[in-house]
Amino acid sequence: MTPNNQAELEGKNIPIITVDNLKFKDLNKNGQLEPYEDWRLDSATRAKDLTARMNVEEKAGAMMHGTVALNNAGRVDFSAAEEDVNQRFVNTFITRMAGDPQHISADNNALQEMAEKTRLGIPITISTDPRNHFVNDPNATSVAAGSFSQWPEPLGLAAIDDAALVKTFGDIARQEYRAVGIQMALSPQADLATEPRWGRINGTFGEDNQLAKRLVQAYIEGFQDGDKGLVPTSVITVVKHFAGGGPQLGGLDPHNVYGKEQVYPGENLEYHLVPFEGAFAANVASVMPYYGQPINLWYKDQLIEEVGFGFNKQVLTEMLRGRFGFTGVVLSDWGILESCEGKCATGISDADIAAGVSPWTAGIGMSWGLKTSPARSA
């Protein structure tokens, strides 16, 4: 967008002001054009101005990634959303709303109208797990496609081995997301399927790192509408899970305490990093580290600290920011600040198992930043 082109503006609760014969949203409703409201400026300048205006509570809320609460009808629970937006100041949410696209669009628009009324009028960013495939597990990492186009799982796309097709898929899904008010894709998985017992293989592009590199890049270019980073027509992509999920000890899931150990058999860390090179070539906007706790993992003749990747300075600062030069958003996966105590740490009892109680009732915990939960003083 050039400085002389009028941006397309929409809003219901935001005054529109005119400066230099151009129109701008008056997000803080003060009748003046502030730098963060000026769409002619670059994003870094606007962000710097906005953060300077935010109070501590608003900054804390901006660091959170909430969940859009749904009611029994599968629509947005706006009373819960009101509390998150206006009292907790959260402005990024994952939605698991499925079904009629008109309902999804209407509810997402209503959330944006709610955000317009806040002090600074910061828009809400709405994310989603994949919703264009055939697997539907609302308790995990997919959403029913419904009226969205349906495509093979990433593993099926890998079997086809056609980067142009994957880019086309991303481009079509991008337009569908944007049509219903979703701006962020919590995908793709750049993980490699080198551990056949791991439960998330269907979301990967297989075990071949060069194939995965090509298809990860194509996927991101489709969703972000090119390889130049974010543009006005983009859907933000979040490549995951750095530094390569998949090589879990025994194939177990690091959402759980019994599966937190992450290993790279044969010292193959470098092999697992290759798919992320495709993401960086496509200028991916965000990176999600994995939950796993690296065990006996060496990098540049140094032993990586045995804490979860979301807490790991060597992995996130030295490797991701330093070696790969990534300057975008690091989005930790959910729940990593929760403690894991009681049944979360010990599992359900034999009696529970005999009674048919689901193991998931023990809860999950990804707080692998500490070996044990700290004692709390009175």
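**Figure 1. The largest cavity of the predicted model.** The largest cavity in this predicted model has a volume of about 50 Å³. Its lining is formed by T67, V68, A69, A80, A81, D84, V85, F93 and L111. Helix α3 supplies the largest share of this lining, with four residues. By residue class, the lining of the largest cavity comprises seven nonpolar residues, one polar residue and one charged residue. The structure holds two cavities of 30 Å³ or more; the second largest is the subject of the next view.

**Figure 2. The second largest cavity.** About 40 Å³ of space is enclosed in the second largest cavity. The residues that line this cavity are P289, Y290, Y291, G308, F309, G310, F311, S332, D333, I336 and M366. Seven of these lining residues are nonpolar, three are polar and one is charged.

**Figure 3. Packing of helix α3 against helix α4.** Helix α3 spans residues 78–86 and helix α4 spans residues 101–116. The two helices pack at an angle of about 35°, and their axes lie 10 Å apart. The crossing of α3 and α4 is right-handed. On the α3 side, the contact involves F78, A81, E82, V85 and N86, which meet D107, A110, L111, M114 and A115 of α4. The residues of this contact between α3 and α4 divide into seven nonpolar, one polar and two charged. A81 and V85 of α3 and L111 of α4 take part in this contact, and A81, V85 and L111 are also among the residues lining the largest cavity.

**Figure 4. The open sheet of seven strands.** The strands of this open sheet are arranged in the order β3-β4-β5-β6-β7-β9-β13, and their pairing is parallel. The edge strands are β3, residues 66–67, and β13, residues 329–330, each of which pairs on one side only. Strands of a sheet pair through hydrogen bonds of the backbone, in either a parallel or an antiparallel manner.

**Figure 5. The pairing of strands β5 and β6.** Strand β5 consists of residues 125–128, and strand β6 of residues 184–185. These strands run parallel and are joined by two bridges. In this pairing, S127 stands opposite M184 of β6.

**Figure 6. Helix α8 across two strands of the sheet.** Helix α8, formed by residues 269–281, lies across β7 (236–242) and β9 (286–289). The helix runs at about 165° to β7. In the order of the open sheet, β7 and β9 stand between β6 and β13. P289, the last residue of β9, is one of the residues that line the second largest cavity.

Notes:
Residues numbered from 1 in each chain as written. Predicted model: local features only at pLDDT ≥ 70, side-chain atom pairs only at ≥ 80, totals over all residues. Heavy atoms only, no water. Pairing = 2+ DSSP bridges. Contact = heavy atoms within 4.5 Å. Axes fitted to C-alpha atoms, helices over the stretch in contact; angles between N-to-C directions. Left-handed = near helix turned anticlockwise from the far one by under 90°. Nonpolar A, V, L, I, M, F, W, Y, C, P; charged D, E, K, R; others polar. 1 Å grid on protein atoms, 1.4 Å probe; cavity = no way out; pocket = protein on both sides within 12 Å on 5 of 7 lines; lining within 4 Å. Points joined across faces, edges and corners; volume = space filled by probe spheres on them.
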